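Q: I am new to this structure and would love a close look at a single part of it. Could you walk me through it in a friendly way?
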Amino acid sequence: MAESHKSSFAEFVGSGDEYYSRIFEKIQKSSLEFAHINFAAATGGFAWAAFRANWLLAWFGFAIDLIALVNLAGAYKYSSASARALADGKDFLVDRYDAWAESNLIAAVVFFFGGRFVFGWLADRLYYRRYSAWRIDRRKSSGANASRLAILAAVVVLIAPLTLYRASQFPPEHRTCIKQDRAIQKGEEIPFKNRFDCFAIGEFPTLFWLDRRNEFSFPRNEDGSRRMEVKPPREGLPPISLNTWTAQATDDGIAYLTAFYGWIFDGITAFLRTMLGAVEAVFVGTPWMITAGVFLAIAYKAAGLRIAVFVGLSLVYLALFGFWQTAMDTLSLVVGASIICVVFGLPLGVWVGKSRAGQAIVTPILDIMQTIPSFVYLLPAVAFFSIGKPPGIFATVIFAMPPMVRLTALGIKQVPENTKEAALAFGANPKQLLFKVELPLALPSIMAGVNQVVMMSLSMVVVAALIGAGGMGFIVTEALANTQTGRGILAGIGIALLAMMIDRVVQKAKIAKN
Amino acid sequence: MVENEKSLVEARGVWKIFGDRAGEALQAIKSEGLDKAEVLERFEAVIGVRDVSIEVREGEIFCIMGLSGSGKSTLVRHINRLIEPTAGSILIDGIDVGSLDAPALRALRSKKIGMVFQNMALFPHRTVRDNIAFALELRNVDAYTRMQVADGVIEKVSLQGYGDRMPSELSGGMQQRVGLARALAADPDILLMDEPFSALDPLIRRGLQDEFLALSKTMRKTTLFITHDLDEAIRMGSRIAIMKDGAIVQVGTSEEIVTNPADEYVADFVKGISKLKLLFAQTVMVPLKQFESEAGKIGELSSYPKAGPKEDLDRLVSLAIGSKRPVLIVDDGNPVGVVTKDALLRGIQGET
């Protein structure tokens, strides 16, 4: 038994089996000294690991050595820069470069010796794990083989020189490279080093240049309607990059839509404003005593005494620190946005839950909506609806709608197939199936969706202060701009309390209902 | 049992093949006689029901017995067209179910057919009463009438006092009573029972079987009863159809099936069944003449234990115990045959 064990050690390690058999046995007996280091590995570094088919360790060793070398190249870069600065008489740069060169040098030494030390410590321990994996799957490479060093050399040649070159040079600025590109197009001679630097070690090179687009404008006619005017680009201007071209095209598209289909956006704005007016009449237009009393009553009824006390204390905080009106402003935005989300999200969710086409169409859109950072939604909102509360609500709705759709769809899909079958067997038509069976059974999931919508609306409404939606978020953004830290923090706490109030009440109400 | 010979539910050459290429597969099966595996391989299709024709007479309990995957649940779902047949037709009271438009089909489902499911499939968000009145609610019957009807049915299935409970508060057996009540509420002509008692433990199952039989005797609903348990089929069914791989292997009364299994498959099933209640004196007896020619005249009648030709084995065993003489079978006062102990023992083993 023990012999076969030893022979499998030998079979795995190839050469040096006496040493490794002893070490592996110690590892198995848990008697390996903590300070044990494989000196061959520490000296040979990643070459040792490659030689022993220990690829993970090889990459690790290569990475440490490369980091050490990159720092060394950095030290060279800054010391030569310091010498140049001294020659140019820029004394103020000399000290800075010298300090950087020194810290790079120290880092290089620490990484090299420290890294090799760690490497030597890890070597036998990881080698043993490799052995364990090899016992399970004998196809894994084993033994000691010098031909692996050739593979390693190839990898090193591919990676190391360019990386070290990059570390030892100041990369060219993007703008310099653009100018150089234009000069090349004009037929000027540029030294190879400059061309190579722009291509290899700077920003990703601009591979192609596009002609400028026509210029569009949408002036008004005598009667107030708009017309489109197209002018060719001015002569002599340089070509533009793909980014600039696409951005301009997008701008033109938005300008076109707002010029000719402005009535759609005006209509939506008017709708949002009217709706918000109604909601605000409830929250802002009602005296604080009444609103507070109603909140407390709702909290007590729906969620019990403890939550009601919490809501009461939060309201006291908002009132004492002078956030009452702003908080009610924010709340109106949240309620307005949430209502729209539910009104549109619920049917959409039902469609997604019941129809494959709906799922195929809507799911990718929701994925995109949830991946895009919330700030980005502000841009189209401003482009189409200008600034103020309506675009704020618009952005909020787009941001907060996905969970409503998803959770409604989930709830509908989770209705057991046999329950639906039973309803059909008793003669339910599709409408009855939906309203009497599917929606009631999906209700818990739908309510979870509503809760999510409210929470996400609140977070987005705060961000929407950036485009003039006002409310608590406005205080925070203002504080950020004027470094009024204390004021900002107070408002932040107010927002957090607002969120917790809504969340607690809605959650508790849900549990009580079930 | 008195049976009306008129058939209320009829299946004519019903085929069901699952898969996108069901039509092609059916053609190939009919012309080339493919088996299950070949159909799956060539058309990625699964045969659910294979050329089934049955007739269910008015008022009878027709059992469909088969193991899981034999297509019995699929077949029964054709009757209220929860599943569309690939070929063939279903007639209810002479009307082709396949020809009905959506509203007519819904009316058929809510008025004429009640269904009970193995997993109950109650609506968890509705009270017991609202579950029971579901079919009526779908037909826009007013709430007052619904309550009256539901309470009546609740009494029938002995669930008094549970009308306002939620299904989750009830035990499995009680839930299935709700399932049964829900199927009965609309007073349908036909009951489809898809393994209604399979999920219950044996004692409760037996109790419910008895209750259902009693109910059935008074209500006389035409019932299609699905089960994977031959004992249950024999207890419940006026007639039994045995299914295997989507096709019907044998249809007959329980005695026919036990005494005369159509093939090895059925015989295998029947082997483990107790024949005490299934075989009757007339089946196991030796005719009097034959007996006398072998064993001589029987002599004085009064010294024999006597039984009628319709008595079952269980009864004959009781008579035979403690008697040295064979049991004499007497029809209308005349001796017609003799059941010896050997014949009795053979009968218990299922040989006649």
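In what order do the four strands of the open sheet in chain B lie, and is their pairing mixed or not mixed?

A: Happily! This is a predicted model, where local features need pLDDT of at least 70 and side-chain atom pairs count only at pLDDT 80 or more, while totals for chains, interfaces and linings use all residues. Residues are numbered from 1 along each chain as its sequence is written, and chains are lettered from A and ligands numbered from 1 in the order in which they are written.

Now to the sheet. In chain B, the order of the four strands is S11-S14-S13-S12, and they form an open sheet with mixed pairing. Here a strand is a DSSP run of E with at least two residues, numbered from the N terminus, and two strands pair if DSSP finds at least two bridges between them. At the edges stand S11 (286–287) and S12 (306–307) of chain B; each has a single partner strand, so one side of each is left without a neighbour in the sheet.

Let us follow S12 of chain B a little further. Its link to strand S13 of chain B (residues 327–331) consists of two bridges, and these two strands run parallel. One residue pair to look for is B:Ala307 with its bridge partner in S13(B), B:Ile329.

For some wider context, turn to chain A. The domain assignment, which is automatic or from a database, gives chain A domain 1 (2–168), domain 2 (215–260) and domain 3 (264–513). Between the C-alpha centres of domain 2 and domain 3 of chain A there are 37 Å.
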